[in-house]
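Student: I should like a close look at one sheet of this model and at what packs on it. Please then carry the description outward to the other parts of the chain.

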Amino acid sequence: MAVPDAFAASYGAHGAAERAWLAGLPDLAAEFLDRWGLRADGPSAHGMASLVVPVVVRHDGTPAVLKLQQLREETAGAAAGLRAWDGDGIVRLLDHDEPTATQLLERLDATRPLSSLADDADDDAAVGVLGGLLARLTAVPAPPGLRRLSDVAGAMLDRVPRAMEALRDPAERELVRTCAAAVAELLDEPGDRLLHWDLHYDNVLAGDREPWLAIDPEPLAGDPGFELLPALDNRWDAVVATGDVARAVRRRFDLLTEALGLERGRAAGWTLGRVLQNVLWDVEDGKEALDPVQAAVAGALPVR
């Protein structure tokens with residue numbers, strides 16, 4: 001199996017460990033094709049951090065996909081989350097190898113992501129699908145052993161002073177203070193629901209047993225309000241095209257909080273927490289200014 005050049009170039013740029021993992025990918029794929037009795041059934045595809053090979057299970061002809069990903073903090077709990085959801089609103093896990101984080105998953109229609117609906121219909125319809133899936137996913141209590149929002153949020157607050165030093169614009173520093181204050185206020189009530197963490201249009205695919213199913217979770221135990229940002233800033237061109245960015249963001253926010261039955265002020269606070277998380281990552285990557293999209297989302301949210 002050849003590793004796609006584009007995937008090797010983008011993922012390998014992260015460091016030596018990623019390049020070593022890429023070098024071993026063909027052997028890893030061959031190992032699991034043999035171990036799980038699979039036959040490759042088409043060209044591989046990739047996202048930002050995983051390679052997906054369409055396969056057929058030899059003994060019964062079941063179409064599936066072999067997902068190869070590096071074992072990282074974000075992926076370590078994926079199988080536990082998928083087992084807890086058991087296919088309810090999300091792709092079904094068929095097999096899993098814990099040491100390598102390799103997964104065998106039911107095959108969905110990768111040519112029909114939810115973004116195709118967003119292209120063909122109004123934005124409310126696509127956001128409604130996301131809201132419905134999130135409501136089902138976050139209804140499940142998080143299983144033991146997952147990353148906890150309380151730990152993630154506490155670590156974020158510890159990194160805020162360094163980020164403040166890196167940002168040049170006083171107004172942006174004030175926005176970061178606002179985000180940090182919102183997180184600090186909610187820190188004692190982090191929630192215990194099973195979160196997907198990255199549910200946006202391209203992480204929802206058409207399926208046979210349900211019209212739309214989520215994929216690629218990076219599970220976290222916490223408050224459902226921490227789930228909303230990917231749906232708020234996804235397909236930003238559609239938000240800008242409305243001519244009123246703040247109103248369009250609030251429209252999405254209202255649809256999502258209604259679908260999940262969330263208290264708007266609390267959901268806004270945890271969404272500011274997601275903005276803060278992105279700001280901290282950007283600063284660690286050497287940036288000295290906020291992403292304008294993140295700033296726009298934060299500025300559009302209702303004040304608690």
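Tutor: In this predicted model, three strands form an open sheet in the order β7-β9-β10, with antiparallel pairing. Its edge strands are β7 (109-113) and β10 (212-214), each of which pairs on one side only. From one strand to the next, the twist averages 55 degrees. Strands of a sheet pair through backbone hydrogen bonds, either parallel or antiparallel. Here β7 is joined to β9 (residues 204-206) by two bridges, and the two strands run antiparallel. At one of these positions, P113 has L205 of β9 as its bridge partner. Helix α6 packs on this sheet, where it touches β9 and β10, and the direction of α6 makes about 55 degrees with that of β10.

Helix α6 also leads to the next element, since α6 (123-137) is among the helices against which the buried residues of α11 pack. The other partners of those residues are α9 (229-233), α10 (236-241), α12 (264-284) and α13 (292-300). Helix α11 comprises 16 residues, 245-260, which at 1.5 Å a residue should span 22 Å; the end C-alpha atoms are 23 Å apart, in agreement with that expectation. Its buried residues are A248, V249, R252, F253, L256, T257 and L260. Seen down the helix axis, these residues of α11 fall within an arc of 165 degrees, so they line one face of the helix. The general principle is that an α-helix has 3.6 residues a turn, so residues three or four places apart point the same way. R247 and E258, on the other side of α11, are exposed. After α11 comes G261, with a positive phi near 65 degrees.

A second set of paired strands centres on β6 (residues 102-106). Five of the five residues of β6 are buried, so this strand is largely enclosed by the rest of the structure. Strand β4 pairs with β6 in the antiparallel sense over four bridges, and A64 stands opposite E106 of β6. Strand β5 (residues 93-97) is likewise joined to β6 by four bridges and runs antiparallel to it; D97 stands opposite T102 of β6. The hairpin of β5 and β6 has four residues between the strands, and within this hairpin A101 takes a positive phi near 65 degrees.

A101 recurs in the surroundings of T75, which lies in the loop between β4 (63-69) and α4 (78-85). Neighbours within four places in sequence aside, T75 is in contact with Q69, Q70 and A101. Its relative accessibility is 6%, below the 20% limit, and T75 therefore counts as buried. The loop on the other side of β4, between β3 (50-57) and β4, holds H59. H59 is exposed, with a relative accessible area of 70%. The C-alpha atoms of H59 and A6 are separated by 33 Å, the two residues being 53 residues apart along the chain.

One helix pair remains. Helix α2 (residues 16-23) packs with α3 (residues 25-35) at an angle of about 50 degrees, and their axes are 4 Å apart. At that angle α2 is oblique to α3. The contact involves W21, L22 and A23 of α2, together with L25, P26 and L28 of α3.

Conventions
Residues are numbered from 1 along each chain as its sequence is written. This is a predicted model: local features need pLDDT of at least 70, side-chain atom pairs count only at pLDDT 80 or more; totals for chains, interfaces and linings use all residues. Side-chain values use heavy atoms; hydrogens and water are left out. Buried means under 20% relative accessible area, exposed over 50%, partly exposed in between (1.4 Å probe, protein chains only). Contact means heavy atoms within 4.5 Å. The expected span of a helix is 1.5 Å times one less than its number of residues. The arc is that of the directions from the helix axis to the C-beta atoms. Two strands pair if DSSP finds at least two bridges between them. Axes are lines fitted to C-alpha atoms, for helices over the stretch in contact, and angles run from 0 to 180 degrees between N-to-C directions. Angles under 35 degrees count as roughly parallel, over 145 as roughly antiparallel, 65 to 115 as roughly perpendicular and the rest as oblique.
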